Amino acid sequence: MGLDLKQKRIWKYSLPKPSIHTDDLPGYFKEMKHLKNSLSRKEVNIILMRTTKPMATEMAQEAPSNRLGAMVARTTRQGKRPRAPRIGVRVGVINNNPGMFSKFTAPALASVNEYGTGERFRKIKLLFLTGKISTGKMPSRPWLIPIWDKHKLPMMRKSVKSMTTKVGAK
């Protein structure tokens with residue numbers, strides 16, 4: 001049984017996803033789902049914003065450049081994604097300043113730094129000759145995923161503890 005062309009194309013061009021191999025994580029998700037039903041959306045988002053602050057701070061400090069580090073943020077807004085969950089926090093390079101990044105958006109630049117690129121070519125035309133010249137390749141320099149991996153379990157523990165305390169206080 002092989003993959004059809006559509007699945008192969010998706011597999012070939014999709015970016016690698018961070019792997020989560022932790023036994024504790026499903027338990028935290030189950031506990032948070034139970035607690036979510038006891039708290040309002042606003043209360044849950046406030047707790048998540050508070051517990052993700054150390055992660056965002058370290059991401060900004062470890063960024064490849066100061067300009068890119070300034071674009072690291074946390075938000076509860078899901079943008080123009082209608083199917084996005086209403087509860088949750090996005091952490092990473094979210095902001096974009098067109099004055100600082102005129103040709104390439106900050107999230108796109110962060111992705112290139114994180115995953116790297118293959119060899120790229122640029123077309124050249126000289127009089128009547130045409131051709132292409134290599135502009136090189138960019139090696140991957142992951143900085144967001146290692147910080148996420150380092151902070152995810154402590155963040156989940158703090159979130160569950162804060163939510164449990166909040167539910168107990170009600």
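Me: Is Glu58 buried or exposed?
Reply: Happy to start there, keeping in mind that this is a predicted model. The cut-off for buried is under 20% relative accessible area. Glu58 has a relative accessible area of 17%, so this residue counts as buried.

Me: Which side chain meets that of Glu58 in a salt bridge?
Reply: The structure holds 2 salt bridges, and Glu58 takes part in one of them. This pair links distant parts of the chain, with Glu58 in helix α4 and its partner in helix α7, 92 residues apart. The N to O distance is 2.8 Å, and the partner is Lys150.

Me: Which side chain forms a salt bridge with Lys152?
Reply: Lys152 is found in helix α7, and its partner lies in α7 too, 3 residues apart, about one turn of the helix. An α-helix has 3.6 residues a turn, so residues three or four places apart point the same way. The side chains meet at 3.3 Å, N to O, and the partner of Lys152 is Asp149.

Me: How do Asp149 and Lys152 count by relative accessibility: what is the class of Asp149, and what is that of Lys152?
Reply: Buried means under 20%, exposed over 50%, and partly exposed in between. Asp149 has 33% relative accessibility, so Asp149 counts as partly exposed. Lys152 has 7%, so Lys152 counts as buried.

Me: How many Å apart in space are Lys152 and Thr52, C-alpha to C-alpha?
Reply: Lys152 sits in helix α7. In sequence, Lys152 and Thr52 are 100 residues apart. In space, C-alpha to C-alpha, the separation is 8.8 Å.

Me: Which element gives the largest share of the largest nonpolar core?
Reply: That core has 19 residues, and those with the most contacts inside it include Met59, Leu68 and Trp143. Elements giving two or more residues to it are α4 (53–61), α6 (106–115) and α7 (144–169). The largest share, 6 residues, comes from α7.

Me: Which residues does Leu68 touch, leaving aside those up to four places away in sequence?
Reply: Leu68 is among the residues with the most contacts inside the largest nonpolar core, as are Val93, Ala106 and Trp143. Those three also appear among the residues that Leu68 touches. The full list is Ala63, Val93, Phe101, Ala106, Leu109, Ala110, Asn113 and Trp143.

Me: How many residues are in the other core, the one with Val44 and Met163?
Reply: In soluble globular proteins, nonpolar side chains tend to be buried together. Apart from the largest core lies this other one, whose members include Val44, Ile47, Leu48 and Met163. Its size is 5 residues.

Me: Which residues does Asn45 touch, not counting those up to four places away in sequence?
Reply: Asn45 lies in helix α3, residues 41–51. Its relative accessibility is 9%, so Asn45 counts as buried. The residues Asn45 touches are Thr76, Arg86, Ile87, Gly88 and Val89.

Me: Which residues in α6 are buried?
Reply: α6 spans residues 106–115 and is followed by Gly116, whose phi is positive, near 75°. Within the helix, the buried residues include two alanines, Ala106 and Ala110. The list in full is Ala106, Ala110, Val112, Asn113 and Glu114.

Me: How many bridges join β3 to β4?
Reply: β3 covers residues 120–126, and β4 covers residues 129–136. The strands run antiparallel, and one bridge pairs Arg120 with Gly136 in β4. The number of bridges joining β3 to β4 is 7.

Me: Which residue in the hairpin of β3 and β4 takes a positive phi?
Reply: The hairpin has 2 residues between the strands. The phi in question is near 50°. The residue that takes it is Leu127.

Me: What is the area of the nonpolar surface patch that includes Leu126?
Reply: Leu126 lies in strand β3 and has 56% relative accessibility, so it counts as exposed. The patch is made by Leu126, Leu127, Phe128 and Leu129. Its area is about 570 Å².

Me: What pattern does the protein follow along the sequence?
Reply: The secondary structure comes to 7 helices and 4 strands. Of the 170 residues, 27% count as buried. Read along the sequence, the pattern is α-α-α-α-α-β-β-α-β-β-α.

Terms used:
Residues numbered from 1 in each chain as written. Predicted model: local features only at pLDDT ≥ 70, side-chain atom pairs only at ≥ 80, totals over all residues. Heavy atoms only, no water. Core = buried A, V, L, I, M, F, W, Y, C linked by side-chain atoms within 4.5 Å. Buried < 20%, exposed > 50% of the residue type's maximum accessible area, 1.4 Å probe, protein only. Contact = heavy atoms within 4.5 Å. Patch = residues over 30% accessible without salt bridge, like charges linked within 9 Å, V, L, I, M, F, W, Y side chains within 5 Å. Areas by Shrake-Rupley, 256 points an atom, 1.4 Å probe, with all protein chains shown as cover. Salt bridge = Lys/Arg side-chain N within 4 Å of Asp/Glu carboxyl O. Pairing = 2+ DSSP bridges.
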